[in-house]
Amino acid sequence: MPTLDDLRRDHPEIRADFTIDQQWKTYGAAEHEVWRTLFERQSELLQERACAEFLDGLNRLDLTANGIP
């Protein structure tokens, strides 16, 4: 597994907790549409394939198809 120093060589914006700013404002309509398409497709498939604990965790994230979180 890469270390934080390894990752920072290519991505200097990575913080010590391995997070980066999402830069949400840079996403356009096309990216949000891709998210919507994938979110809706996967949400439907997961209902029959994922365990209850996973689905519960997903619900707690409060994600929606309305745009990239």
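## A three-helix chain at a glance

The chain has three helices and zero strands. Its radius of gyration is 16 Å, well over the 11 Å that the globule rule gives for 69 residues, so the chain is more spread out than a compact globule. Keep in mind as you look around that this is a predicted model.

**The chain as a whole**

- Reading from the N terminus, you will meet the elements in the order α-α-α.
- If you drew a box around the C-alpha atoms along the principal axes, the box would be roughly 40 × 30 × 15 Å.
- Of the 69 residues in the chain, buried ones make up 12%.
- Take the contacts between residues at least 6 apart in sequence: 50% of them join residues at least 24 apart.

**Surface and charge**

- The chain has an accessible surface of about 6,000 Å², and carbon and sulfur atoms account for 55% of that surface.
- Counting charged side chains gives 8 positive and 14 negative ones.
- The centres of these two sets lie 2 Å apart.

**Two residues of helix α2**

- Helix α2 covers residues 29-49, and His32 is found in it.
- His32 has a relative accessible area of 12%, which is under the 20% cut-off, so His32 counts as buried.
- Leaving out residues up to four places away in sequence, His32 touches Trp24, Tyr27, Gly67 and Ile68.
- With Ile68 there is also a polar contact: the side chain of His32 reaches the backbone nitrogen of Ile68 at 3.0 Å.
- Gln47 has its place in helix α2 too.
- Here the relative accessible area is 53%, and because the cut-off for exposed is over 50%, Gln47 counts as exposed.
- A polar atom of the Gln47 side chain lies 3.3 Å from the backbone oxygen of Ser43.
- A handy idea to remember here is that an α-helix has 3.6 residues a turn, so residues three or four places apart point the same way.

**Helix α3 and what follows**

- How many of the ten residues of helix α3 are buried? The number is one, so this helix, made of residues 52-61, lies largely in the open.
- Just after α3 comes Asp62, which takes a positive phi of about 60°.

**Worth finding in the structure**

- Start with His32, which is buried, and find Ile68, whose backbone nitrogen the His32 side chain reaches.
- Then move along helix α2 to Gln47, which is exposed.

Terms used: Residues are numbered from 1 along each chain as its sequence is written. This is a predicted model: local features need pLDDT of at least 70, side-chain atom pairs count only at pLDDT 80 or more; totals for chains, interfaces and linings use all residues. Side-chain values use heavy atoms; hydrogens and water are left out. Helices (H or I, at least four residues) and strands (E, at least two) are DSSP runs, numbered from the N terminus. Buried means under 20% relative accessible area, exposed over 50%, partly exposed in between (1.4 Å probe, protein chains only). A polar contact is a pair of N or O atoms within 3.5 Å; within protein, one must be able to donate a hydrogen and the other to accept it, and residues adjacent in sequence count only if both atoms are side-chain atoms. Contact means heavy atoms within 4.5 Å. The radius of gyration is taken over C-alpha atoms; the globule rule is 2.2 Å times the number of residues to the power 0.38. Accessible areas come from the Shrake-Rupley method with a 1.4 Å probe; for residues, only the protein chains shown count as cover. Lys and Arg count as positive and Asp and Glu as negative; His and the chain ends are not counted. The place of a charge is taken as NZ of Lys, CZ of Arg, CG of Asp or CD of Glu.
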